[in-house]
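Dear colleague,

I am passing on to you the structure below, together with its sequence. Please find my notes on it underneath.

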Amino acid sequence: MKIHKPYVIHEDRDHKFVWLGLDESDYERGVLTNQYLIVDGDKGILLDPGGYFVFERVFKNLKDFVKPENIVGLFYSHQDPDVIGAMNLWLDTCPNAKVYISEIWERFIPHLGMSDPSSSERIVKIPDRGMEFKIEKNQVRAVPAHFLHSEGNFHLYDVKSKVYFSGDIGAAIFPKGKWSLYVQNFDEHVKYMEWFHRRYLPTRKALDVWLKRVKELDIKIIAPQHGSIFEGDNVKKFINWLDKLDKVGIDLME
Ligand SMILES: [Fe+2]
Ligand SMILES: [Fe+2]
């Protein structure tokens, strides 16, 4: 099992979109997760920072790109343990970071037991319609993706790099040894995604609403929280695949 170093998936002068590495042996402990960092100038925002057991690796890798005190945002797509599990540690180690999370999950966050109760004042509630905010001069957009799979769910579109962080959409669950950072052969890759999307997404309607929204965006790369990154033709292939995914969730219940 390999340990992978961070990889810059987009770079444009002082703007970077970074994948923060992976220890493939995490496979033994829980679902493999991707963490990403957007750096603009000397400031950064961390996307789906992850659970407890990945904290050490993510924190160490992040410091190669930005100082922890210059992390200005922690973006959480939704409330799952593999997304928010280490929030306490992040609040303590990145004292200037605000937490961006759906307004419907904000009131549940204090149950993590924050070491500093005033930390709850650092939470920015993302309204259901989504919002835009800045990291330095760079604009990012929290795009609504409700019920995919969480009831209050957001993705993050980085306007400058055109990288779209898609949370659990695009997730792939690999058998041991099959992980790859980028999707190599889309048709082969489908078998690692299909079960996840059919079982975790509750209804086709949520997909249709979201697909309409993302088709209006200029997307170069789709970066999911689990599995492999879609680039070039694979972005379109992935969108088309979701378009044709006939039944998910309750449609399949008997
Ligand atoms: Fe999830
Ligand atoms: Fe997840």
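The notes that follow cover the metal site, the annotated domain and the two pockets. Please bear in mind that this is a predicted model.

Metal site

The iron ion (ligand 1) takes its protein donors from H78 (NE2), D80 (OD), H149 (NE2) and D168 (OD), at distances of 2.0 to 2.2 Å. Along the sequence, these donor residues follow the spacing H-x1-D-x68-H-x18-D. The angles subtended by the four donor atoms run from 87 to 171°, which makes the arrangement around this iron ion irregular. For four donors to count as tetrahedral, all angles would have to lie between 85 and 135 degrees, and the upper end of the range, 171°, does not meet that condition.

A second metal is involved as well: D168 forms a bridge between the iron ion (ligand 1) and the iron ion (ligand 2), and the two ions lie 3.5 Å apart. As to the setting of the donors, H78 belongs to the loop between strand 7 (71-75) and helix 2 (81-84), while D168 belongs to the loop between strand 13 (163-165) and helix 4 (186-200); the pair therefore ties together parts that are 90 residues apart in sequence. Both residues are buried: H78 has a relative accessible area of 0%, and D168 has a relative accessibility of 4%.

Annotated domain

UniProt, in an unreviewed entry, places the feature "domain: Metallo-beta-lactamase" at residues 32-226. In the model, the C-alpha atoms at the ends of this span lie 6 Å apart, and the span is 23% helix and 24% strand.

Pockets

The largest pocket has a volume of about 260 Å³. Its lining consists of 13 residues, and those nearest its centre are I3, D23, R57, K60 and N61. Strand 1 (3-4) and helix 1 (55-62) each contribute at least two residues to this lining, with helix 1 giving the most, namely four. By class, the lining of the largest pocket comprises seven charged, four nonpolar and two polar residues.

The second largest pocket has a volume of about 170 Å³. The residues lining it are V214, K215, L217, D218, I219, V235, K236, I239 and N240. Helix 6 (residues 233-244) supplies the largest share of this lining, with four residues. Here the classes divide into five nonpolar, three charged and one polar.

Yours sincerely

How values were computed. Residues numbered from 1 in each chain as written. Chains lettered and ligands numbered in written order. Predicted model: local features only at pLDDT ≥ 70, side-chain atom pairs only at ≥ 80, totals over all residues. Heavy atoms only, no water. Donors = N, O, S within 2.8 Å, 3.2 Å for Na, K, Ca; no water. Tetrahedral: all angles 85-135°; square planar, octahedral: opposite > 155°, others 65-115°. Buried < 20%, exposed > 50% of the residue type's maximum accessible area, 1.4 Å probe, protein only. UniProt positions renumbered as here; feature names shortened; annotations may be inferred. 1 Å grid on protein atoms, 1.4 Å probe; cavity = no way out; pocket = protein on both sides within 12 Å on 5 of 7 lines; lining within 4 Å. Points joined across faces, edges and corners; volume = space filled by probe spheres on them. Nonpolar A, V, L, I, M, F, W, Y, C, P; charged D, E, K, R; others polar.
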